[in-house]
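Subject: Handing over the structure

Dear colleague,

I am passing this structure on to you, together with some notes on what turned up in it. Please keep the structure open while you read, since the notes move from one part to another.

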Amino acid sequence: MDDPKTLVSTDWLDAHLRDPDLRILDASWYLPAMARGPKAEFEEGHIPGARFFDIDEIADQRSELPHMFPPVEKFMSRMRAMGIGDGHQVVVYDGFGIFSAPRVWWTFRLMGKMDVAVLDGGLPKWRAEGRMIEDLPPFVRDRHMTVQRQAQLVKDVTQVAAASKLGDWEIIDARSEGRFRGEEPEPRPGLRPGHIPNSKNLPFGRLMNADGTMKAPEALKAEFIAAGVDLQKPAITSCGSGVSAAILNLALERIGHRDHALYDGSWAEWGMYGDLRVAKG
C-alpha cells in the first residue's frame with residue numbers, strides 16, 4: 001500500500017534512502033503536556049539525511065493563533081534553505097508515530113507540492129526495527145521551488161461557520177471525546193469547552209493500529225462511517241490548533257475522498273470568540 005503521495009512504509013523509505021532526489025523531514029511537534037523537545041530530540045538522533053521542519057517557526061507568525069500556515073514566500077524561502085525544491089520526493093515523519101507529520105504533508109499540498117508522503121509509524125517504528133539513526137547535519141544544496149497555493153484545501157472561520165449552519169460540508173473534529181463533548185478542559189487557557197455545532201467527532205487515535213501505523217483504507221472508511229460522517233459530502237477537518245486535524249485529511253485521501261479541507265484556526269480560534277456558537281455533549 002506504499003503511495004509516495006500519501007503514506008509510505010519504513011521498508012519503502014529504507015529501500016529509497018540513497019535516492020538522490022529524496023528529501024526527508026523530521027516534523028516532530030508536541031503538546032506542552034507531552035514535555036518533549038522536538039529540536040533537541042532531532043539533534044540527538046534522526047533518520048539519515050533528515051532536515052528539521054519547525055512547525056511553529058515555518059508559520060504565519062503575524063497571527064495570534066498558533067502555527068497558522070505560512071505565507072508562500074516564507075515557505076519557499078525555508079524550503080530552499082533546507083535544500084528542498086522542484087522534483088524532490090519528500091517523506092515526512094515525527095517522533096510520536098503519526099501525529100504532526102500529516103500537518104506538514106498537508107502544508108506541502110496546500111503549496112501545490114504533491115510528491116510528499118508521511119512515514120507510516122514514524123520514528124518509533126523506524127527505531128523499533130533497528131534501522132539507521134545519525135546525529136549529523138544534512139548536506140544542503142539549494143534548489144529552486146515553484147509554489148502554487150491550493151486555496152481550496154484550507155478554510156477560515158467564516159467558511160466553517162457557514163458550513164456549520166448550512167450542513168453542506170461534514171465538519172470532523174479529531175480531538176478526544178471528552179474535549180469534543182466539553183467534559184475535559186482545553187490544554188490552552190481561555191478557550192471555551194465544547195465543539196462546533198453540527199460537527200462529528202473522530203478522535204485521530206481511532207485511525208491507528210496498535211503499532212502506531214495507520215489502518216488500511218477499508219478500516220479507515222469504517223471509522224468515518226461509525227463516526228456518522230457522510231462520505232458523499234465534502235469534509236472540513238478540525239482539532240485543537242490544526243495539527244492532528246491533518247491526520248483526518250491524510251486518512252480521507254487514503255480512502256479516495258478527495259474533496260476535503262482543513263480549518264486552520266481550529267478550536268484555538270473557534271473556542272476563543274464568544275460570538276461563535278458552541279455545542280456540548
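To begin with a detail that can be looked up directly: which residue in strand 10 is the bridge partner of Ala235? The partner is His260, and this pair belongs to a set of three bridges that join strand 9 (residues 235-238) to strand 10 (residues 260-263), the two strands running parallel. Please bear in mind throughout that this is a predicted model.

The overall picture

The protein chain has 10 helices and 10 strands. Its radius of gyration is 18 Å, close to the 19 Å that the globule rule gives for 281 residues, so the chain is as compact as a globular protein of that length. Along the principal axes, the C-alpha trace spans about 50 × 40 × 35 Å. Of the 281 residues, 54% are buried, and the chain exposes about 12300 Å², with carbon and sulfur atoms supplying 52% of that area. Among the contacts with a separation of 6 or more, 77% are between residues 24 or more positions apart. As for charge, there are 35 positive and 41 negative charges, and their mean positions lie 3 Å apart.

The sheet that contains strand 1

One open sheet has five strands in the order 1-5-4-2-3, with parallel pairing. Strand 1 and strand 3 (51-52) are its edge strands, each of them pairing on one side only. Strand 1 (residues 7-8) is paired with strand 5 (residues 116-119) in the parallel sense over two bridges, and within this pairing Leu7 has Val118 as its bridge partner in strand 5. Strand 5 is also joined to strand 4 (residues 89-93) by three bridges, again in parallel; here Val91 is partnered with Ala117, while Val92 is partnered with Val118. Val118 is therefore a residue to look at from both sides, as a bridge partner of Leu7 and of Val92.The sheet that contains strand 9

A second open sheet of five strands has the order 6-10-9-7-8, also with parallel pairing. Strand 6 (154-155) and strand 8 (200-201) stand at its edges with a single partner strand each, so one side of each is left without a neighbour in the sheet. Strand 7 (residues 170-173) is joined to strand 8 by two parallel bridges, and Asp173 has Asn201 as its bridge partner there. Four bridges, likewise parallel, join strand 7 to strand 9, with Ile172 partnered with Thr237. Strand 9 is covered on both faces, since Ala235 and Thr237 on one side and Ile236 and Ser238 on the other are all buried.

Helices and single residues

Helix 9 (residues 245-254) is mostly covered, with 10 of its 10 residues buried. Those buried residues include Ala245, Ile247, Leu248 and Leu250, and also the charged residues Glu253 and Arg254. After helix 9 comes Gly256, whose phi is positive, near 85°.

Is Gly178, which lies in helix 7 (residues 177-181), buried or exposed? Gly178 has a relative accessible area of 9%, and because the cut-off for a buried residue is under 20%, Gly178 counts as buried. Leaving out residues up to four places away in sequence, Gly178 touches Glu183 and Glu184. Its C-alpha atom is separated by 14 Å from that of Arg206, which is 28 residues away along the chain.

Glu134 is found in the loop between helix 5 (122-128) and strand 6. Apart from its neighbours within four places in sequence, Glu134 is in contact with Gly45, His46, Pro48 and Gly49. From Glu134 to Asp173 the distance is 37 Å, C-alpha to C-alpha, with the two positions 39 residues apart in sequence numbering; Asp173 is the residue of strand 7 named above as the bridge partner of Asn201.

With kind regards

How values were computed:
Residues are numbered from 1 along each chain as its sequence is written. This is a predicted model: local features need pLDDT of at least 70, side-chain atom pairs count only at pLDDT 80 or more; totals for chains, interfaces and linings use all residues. Side-chain values use heavy atoms; hydrogens and water are left out. The radius of gyration is taken over C-alpha atoms; the globule rule is 2.2 Å times the number of residues to the power 0.38. Buried means under 20% relative accessible area, exposed over 50%, partly exposed in between (1.4 Å probe, protein chains only). Contact means heavy atoms within 4.5 Å. Accessible areas come from the Shrake-Rupley method with a 1.4 Å probe; for residues, only the protein chains shown count as cover. The place of a charge is taken as NZ of Lys, CZ of Arg, CG of Asp or CD of Glu. Two strands pair if DSSP finds at least two bridges between them.
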